[in-house]
Structures are given as C-alpha cells and as structure tokens.
Amino acid sequence: MSRRQGRTCGWRLRRNPLRRRSYFVEAWLRLATGILAMTVAIVTGVLTARAVEGTLDGVRGERHAVSAVVTTDARTTVGVEGTDADRAWAHVRWTAPDGTNRTGVARVDSASRAGSTTRVWLDAKGRLVPEPATAGEAQLQGAVLGTAAAVGAGTAVVLLGCLACARLDRRRQEQWDVEWALIAPQWGRKTG
C-alpha cells in the first residue's frame with residue numbers, strides 16, 4: 001500500500017478543517033460494529049453448537065436400544081410415508097422392562113422379514129422413539145446450526161451498524177442543506 005493510499009484510508013480520523021465530527025464518529029462506529037459483529041458471531045456460534053450437542057447427547061442418554069422381533073415383512077408394509085432404500089417401516093414386538101409384550105411400528109432394515117430380530121429404541125417410559133443421533137451426528141448438527149446462528153447474529157449486528165451510519169449520513173446531509181441555504185445566496189444569482 002502506497003503512502004498516498006494510507007492517507008486516504010484514514011482520512012476520517014485525520015485533523016482537517018473540513019472534517020466534521022460525524023465523520024470521526026462514523027469511523028469509530030464502523031470499527032466498533034466490525035469488532036462487535038465478530039465477537040457476537042463467535043460467541044453465538046459456540047454457544048449454539050454446545051447447546052445443540054448437549055441436547056442431542058441428553059436425548060441419546062435417555063434412550064436405550066432393545067431387541068425386537070419383526071412381525072410383518074418390511075417390504076409389504078404399505079401406507080406409511082418416509083420409506084427409503086435401506087430402511088422401511090414394519091410392525092415389531094418387544095418385551096418391556098416390566099416383562100409385558102408390546103407392539104408398534106418402527107423403522108427397520110428394508111430386507112427384514114417376519115420373524116427376524118432387529119433393534120428398536122425406547123424412551124424412559126418404554127415407548128418407541130426414533131434412533132438418537134450418534135456423537136458424530138450431534139457434532140455435525142451442532143457445527144451447522146452454530147454456523148448458521150453465528151452468521152445470523154453477525155449479520156444482525158452489521159445491519160444495525162449500517163442503519164446507524166445511514167442515520168449519521170442523513171443528519172450530515174441535512175446539515176449540508178442548512179449550511180448551503182445560508183451560503184448559496186452570497187454567491188449571487190441562482191441558475192435554473
């Protein structure tokens with residue numbers, strides 16, 4: 001960067017008889033906005049990622065897997081949306097912790113046949129629930145949601161800073177208009 005470019009970058013901070021106080025305030029406002037946006041984005045992203053991971057880890061701790069018997073072929077189960085290539089819905093039967101037999105519909109391997117065994121997930125009350133996210137999936141979800149929250153929070157701070165700068169600019173323009181109305185008649189005849 002040349003010396004001339006260095007002078008033009010910091011012109012709002014230099015002493016100058018034409019520099020208005022609002023230029024100085026705007027320069028510091030832009031700097032503060034940038035620092036605050038980065039800080040808010042980082043803190044928000046980290047806290048969101050930790051919260052998501054903690055929640056998913058808690059869910060994983062509350063659920064437990066039990067062995068179940070598939071009572072209908074997975075391929076013949078029709079009418080339930082959400083099937084994909086390797087998982088399908090099927091009726092299953094399992095033994096609850098109190099020793100009673102229970103039945104329900106769960107996602108199983110699409111090749112499962114009636115009579116085969118599979119693993120299903122239960123909550124603390126013994127109800128069928130979806131399989132919880134693994135530790136790696138929890139980290140990935142935390143990273144994605146943390147990044148999204150960081151971008152959103154940082155953007156919000158930058159927008160607020162831009163609005164404040166726009167307000168300063170509008171006030172500066174109003175001051176110019178007032179001063180021009182006072183000075184213009186001294187210059188003589190108006191054109192137009």
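Before I show you anything, a definition: helices (H or I, at least four residues) and strands (E, at least two) are runs assigned by DSSP and numbered from the N terminus. With that in hand, we can place Thr71, which sits in the loop between strand S1 (64-70) and S2.

Please keep in mind that this is a predicted model, in which local features need pLDDT of at least 70 and side-chain atom pairs count only at pLDDT 80 or more, while totals for chains, interfaces and linings use all residues. Residues are numbered from 1 along each chain as its sequence is written, and side-chain values use heavy atoms, with hydrogens and water left out.

Let me begin with the overall plan. The protein has three helices and five strands, and, if you follow the sequence from start to end, they come in the pattern α-α-β-β-β-β-β-α. A residue is called buried under 20% relative accessible area, exposed over 50%, and partly exposed in between, using a 1.4 Å probe and protein chains only. Of the 192 residues of the protein, 25% are buried in this sense. The accessible surface, computed by the Shrake-Rupley method with a 1.4 Å probe, where for residues only the protein chains shown count as cover, comes to about 13,600 Å² for the protein, and 59% of that belongs to carbon and sulfur atoms. A contact means heavy atoms within 4.5 Å, and among contacts between residues at least 6 apart in sequence, 59% join residues at least 24 apart.

Now back to Thr71. With a relative accessible area of 32%, Thr71 is partly exposed, and, leaving aside neighbours within four places in sequence, Thr71 is in contact with His91, Val92, Arg93 and Ala114. Its C-alpha atom lies 8.1 Å from that of Ser116, although Thr71 and Ser116 are 45 residues apart in sequence.

Another threonine makes a useful comparison. Is Thr118 buried or exposed? Thr118, which belongs to strand S4 (residues 117-122), counts as buried because its relative accessibility is 16%. Not counting residues up to four places away in sequence, Thr118 touches Val66, Ser67, Ala68, Val70, Val92 and Val108.

Next, please look along helix H2 (residues 21-62), where Phe24 and Trp28 lie four residues apart, about one turn of the helix. In general, a pair of aromatic rings is described by the distance of the centres and the angle of the planes. The rule here is that rings of Phe, Tyr and Trp (its six-membered ring) pair if their centres lie within 6.5 Å, and that planes under 30 degrees apart count as stacked, over 60 as edge-to-face and the rest as tilted. How many aromatic pairs does this rule give? The count comes to one aromatic pair: the ring centres of Phe24 and Trp28 are 6.3 Å apart and their planes stand at 70°, so the pair is edge-to-face. Phe24 is partly exposed at 33% relative accessibility, and Trp28 is partly exposed at 46%.

Further residues of the same helix reach across the sequence. Arg30, also in helix H2, is partly exposed at 48%, and its C-alpha atom is 6.8 Å from that of Gly161, 131 residues away in sequence. Ala32 is in helix H2 as well, and its C-alpha atom is separated by 10.0 Å from that of Val158, 126 residues away along the chain. Val43, again in helix H2, is 9.4 Å from Ala153, C-alpha to C-alpha, with their places 110 residues apart in sequence.

Finally, the largest pocket. On a 1 Å grid over the protein atoms alone, a pocket is an open set of points with protein on both sides within 12 Å along at least five of seven lines, and lining residues have an atom within 4 Å of a point. The largest pocket is lined by 13 residues, of which Arg87, Arg107, Val129, Pro130 and Glu131 lie nearest its centre. Two or more lining residues come from each of strand S2 (87-95), strand S3 (101-109), S4 and strand S5 (128-129), and S4 gives the most, with four residues.

Methods. On a 1 Å grid over the protein atoms alone, a cavity is a set of points where a 1.4 Å probe fits but cannot get out, and a pocket is an open set with protein on both sides within 12 Å along at least five of seven lines; lining residues have an atom within 4 Å of a point.
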